[in-house]
Amino acid sequence: MKRLITVAAAQLGPIQKAEGRDVVVARMVRLLEQAHRKGAHVVVFPELAFTTFFPRWYVEDLDEADGWYEQTLPSPATQPLFDAIRRYGLTCYLGYAEIAHEPDENGVLRKRRFNTSVVIAPSGEIVLKYRKIHLPGHKEFSTLRKVQHLEKRYFEVGNLGFPVVRAPVGPVDGVNLGMLICNDRRWPEAWRELGLQQVELTMLGYNTPAVNQENRGFEAHHLRNFHSQLSIQAGCYQNATFGVGVAKAGNEDGFELMGHSIIVNPQGEIMAMATSWDDELVVADCNLAMCELGRTTIFNFAQHRRLEAYQRLASQTGSSAPAVWQPGQGEV
Ligand code: CDT
């Protein structure tokens, strides 16, 4: 039996450093209006959707950067977005920078900063929260790089694991919803955590520089998008899930972010793709029943996974060099 929902990727064009939340929120509300007109049930926005990609800017004292973060959600500035979600009866994925006042791992209450995403129900209620785990970049100002990527300075590693929840979406009573944020999409372990919870719709936003800025060797420009799509398509196929990858794209104060937002099916095929570097909505009709084929056959995890052979996966972080074979030694 078909379980059909219409999914929208709401790509955002650039947000300049000086631009205020009110302007961005108005642009997002326009995308929600379009999504409603096109019959969408769920809308996915990018990572850190309310601001420019601020981790490219160095600040000495993080407290001076509080303006980039949300202290509450909604706030007076973001309330129009929640009003539109409720008006149009949409489910929504939203990425934002979060300040939380909560105990740390030692039980000490303090101000904490996370790169966060939430699923918002049509009622405006927060259904699920995820805090980015694979933070790329570096903590201190780097003289080696062409452009700073200070996510490790601005955010703590997420402490909520990779949650999945079953919630109503549009006409379908229960959809298994999961989230990733940007760099997470490159890590098969993150996808598998979701796959092991039978995720059916994996939503992720990204801010990906259009060129490699590490300054440690040449990477052809077209590979930026190739690697992004390769990761999302493989993650969807190997975990039998639909996927929505949504960019913040375009030229932010002279720094380019790639676009190419996509909606992918559980076979790993791209169903729809953005073609601009601007605000753009792309939609696809997704039959969630498609997830069952992979989940019950080639990726039937209960039948085919071999934990006894995966010991390194959860015990070793960095790679280690293998044993060296010598001629005459025989089989190692
Ligand atoms: N925002 C984010 O995670 N961006 C990274 C850039 C990697 S280069 C430091 C990404 O994986 O797209």
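**A walk around the ligand**

Okay, let's start right at the ligand: one of its nitrogen atoms is 3.2 Å from a polar backbone atom of Asn207. And before I go on, please keep in mind that this is a predicted model.

So how much of the ligand does the protein cover? On its own, the ligand has 360 Å² of accessible area, and the protein covers 94% of that.

Back to the contacts. Glu151 uses its side chain: an N or O atom there is 3.0 Å from a nitrogen atom of the ligand. Then there's Asn183, where a polar side-chain atom lies 2.8 Å from an oxygen atom of the ligand.

Who else is around? The residues surrounding the ligand are Glu47, Phe53, Lys132, Pro136, His149, Glu151, Cys182, Asn183, Arg185, Arg186, Asn207 and Thr208. If you sort that shell by type, you get five charged residues, four polar ones and three nonpolar ones. As for where the ligand sits, that's the second largest pocket.

Okay, zooming out to the chain. There's a UniProt annotation, from an unreviewed entry, that reads "domain: CN hydrolase" and covers residues 5–288. Over that stretch, 20% of the chain is helix and 32% is strand. The C-alpha atoms at its two ends are 8 Å apart.

Last stop, a bit of backbone geometry. Most peptide bonds are trans, and most residues other than glycine have a negative phi. With that in mind, have a look at the loop between β2 (42–44) and α2 (79–88), where you'll find Pro74. The peptide bond from Leu73 to Pro74 is cis, with omega near 0 degrees. Leu48 is also in the loop between β2 and α2. Its phi is positive, near 45 degrees, and this is a residue other than glycine.

That's my tour, thanks!

Notes
Residues numbered from 1 in each chain as written. Predicted model: local features only at pLDDT ≥ 70, side-chain atom pairs only at ≥ 80, totals over all residues. Heavy atoms only, no water. Near = heavy atom within 4 Å. Polar contact = N/O pair within 3.5 Å; in protein donor to acceptor, adjacent residues only side chain to side chain. Areas by Shrake-Rupley, 256 points an atom, 1.4 Å probe, with all protein chains shown as cover. 1 Å grid on protein atoms, 1.4 Å probe; cavity = no way out; pocket = protein on both sides within 12 Å on 5 of 7 lines; lining within 4 Å. Sits in = over half its atoms within 2 Å of the grid points. Nonpolar A, V, L, I, M, F, W, Y, C, P; charged D, E, K, R; others polar. UniProt positions renumbered as here; feature names shortened; annotations may be inferred. Helix = DSSP H or I, 4+ residues; strand = E, 2+ residues; numbered from the N terminus.
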